[in-house]
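Please open the model in your viewer and keep the selection panel at hand. The stops below go from one selection to the next, with a short account of what is found at each.

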Amino acid sequence: TKILLINGPNLNLLGRREPGHYGHQTLTTIVEALSKSAVQAGVQLEHIQSNAEYQLIDAIHGTDAQFIIINPAAFTHTSVALRDAILGVSIPFIEVHLSNVHAREPFRHHSYFSDKALGVICGLGAQGYDFALQAAIKHLTDQH
Ligand code: DQA
């Protein structure tokens with residue numbers, strides 16, 4: 001079983017980027033902890049972070065994962081292309097945001113992904129990724 005974790009633009013700056021919104025943990029720390037949980041659950045976690053839209057699109061096209069956990073970051077609010085990519089491969093996904101986007105600027109309230117996501121988690125910081133992983137594993141297990 002393989003799950004693809006996708007992190008969009010500027011998330012490579014986690015730890016030093018607006019810690020009031022995004023916390024103090026680095027992306028490396030978050031992904032390492034998540035990978036450990038995945039291994040314990042017997043699933044493979046693949047990760048890509050990119051600041052380039054086409055690289056995220058190519059990763060989606062090329063994956064053989066059965067599930068995607070995605071924090072599209074700013075592309076959440078802008079990218080029809082990334083939405084079309086994820087719909088194009090028909091892989092179920094959960095959308096994660098560290099911050100509560102609904103408590104922030106109005107332009108963050110709309111997502112090009114939420115209406116197609118299995119679920120959306122926001123405002124719980126890095127823990128949101130843990131919850132998404134648990135939910136993804138349960139979803140994949142329930143199918144079999
Ligand atoms: C984010 C929220 C987005 O609005 C923002 O552009 C990000 C991160 C989050 O995780 O809270 O880059 O997706």
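Sorted by class, the shell around the ligand in this predicted model consists of four nonpolar, five polar and one charged residues. To see this shell, select Asn10, Asn71, Ala73, Ala74, Thr76, His97, Leu98, Ser99, Val101 and Arg108, which are the residues around the ligand.

Keep His97 selected and add Tyr22, since these are the two positions at which UniProt, in an unreviewed entry, places the feature "active site". Although they are spread over 76 residues of sequence, the two cluster in space, with a largest C-alpha distance of 9.1 Å.

Now centre the view on His97, which lies in strand E4, residues 93-97. Is His97 buried or exposed? Histidine 97 is buried, because 23 other C-beta atoms lie within 10 Å, and the cut-off for a buried residue is 20 or more. Leaving out residues up to four places away in sequence, histidine 97 touches Asn71, Cys122 and Gly128; Asn71 is also one of the residues around the ligand.

Move next to Tyr22, whose place is in helix H1, residues 19-22. Tyrosine 22 is buried as well, with 20 other C-beta atoms within 10 Å. Apart from its neighbours within four places in sequence, tyrosine 22 is in contact with Leu14, Arg17, Leu98 and Ser99, and the residues around the ligand include Leu98 and Ser99.

Stay in helix H1 and select Gly20, which lies in that helix too. In contrast to buried Tyr22, glycine 20 is exposed, because just 6 other C-beta atoms lie within 10 Å, where 12 or fewer count as exposed. A distance drawn from the C-alpha atom of glycine 20 to that of serine 99 should read 9.1 Å, although the two residues are 79 residues apart along the chain.

For the last stop, turn to the largest nonpolar core, which has 35 residues, and select Ile3, Ile68, Ile69, Tyr129 and Ala132, the members with the most contacts inside it. The elements that give two or more residues to this core include strand E1 (2-7), strand E3 (67-71), E4 and helix H5 (127-142). Which residues does isoleucine 69 touch, not counting residues up to four places away in sequence? Isoleucine 69 touches Ile3, Leu5, Phe93, Ile94, Val96, Tyr129, Ala132, Leu133 and Ala136. In soluble globular proteins, nonpolar side chains tend to be buried together.

Technical notes
Residues are numbered from 1 along each chain as its sequence is written. This is a predicted model: local features need pLDDT of at least 70, side-chain atom pairs count only at pLDDT 80 or more; totals for chains, interfaces and linings use all residues. UniProt positions are given in the numbering used here, feature names are shortened, and annotations may be inferred rather than shown by experiment. Helices (H or I, at least four residues) and strands (E, at least two) are DSSP runs, numbered from the N terminus. Two residues are in contact if their C-beta atoms, placed from the backbone, lie within 7 Å. A residue is near a molecule or strand if its C-beta atom, placed from the backbone, lies within 6 Å of it. Ala, Val, Leu, Ile, Met, Phe, Trp, Tyr, Cys and Pro count as nonpolar, Asp, Glu, Lys and Arg as charged, and the others, Gly among them, as polar. A nonpolar core is a set of buried Ala, Val, Leu, Ile, Met, Phe, Trp, Tyr and Cys residues joined through C-beta atoms within 7 Å.
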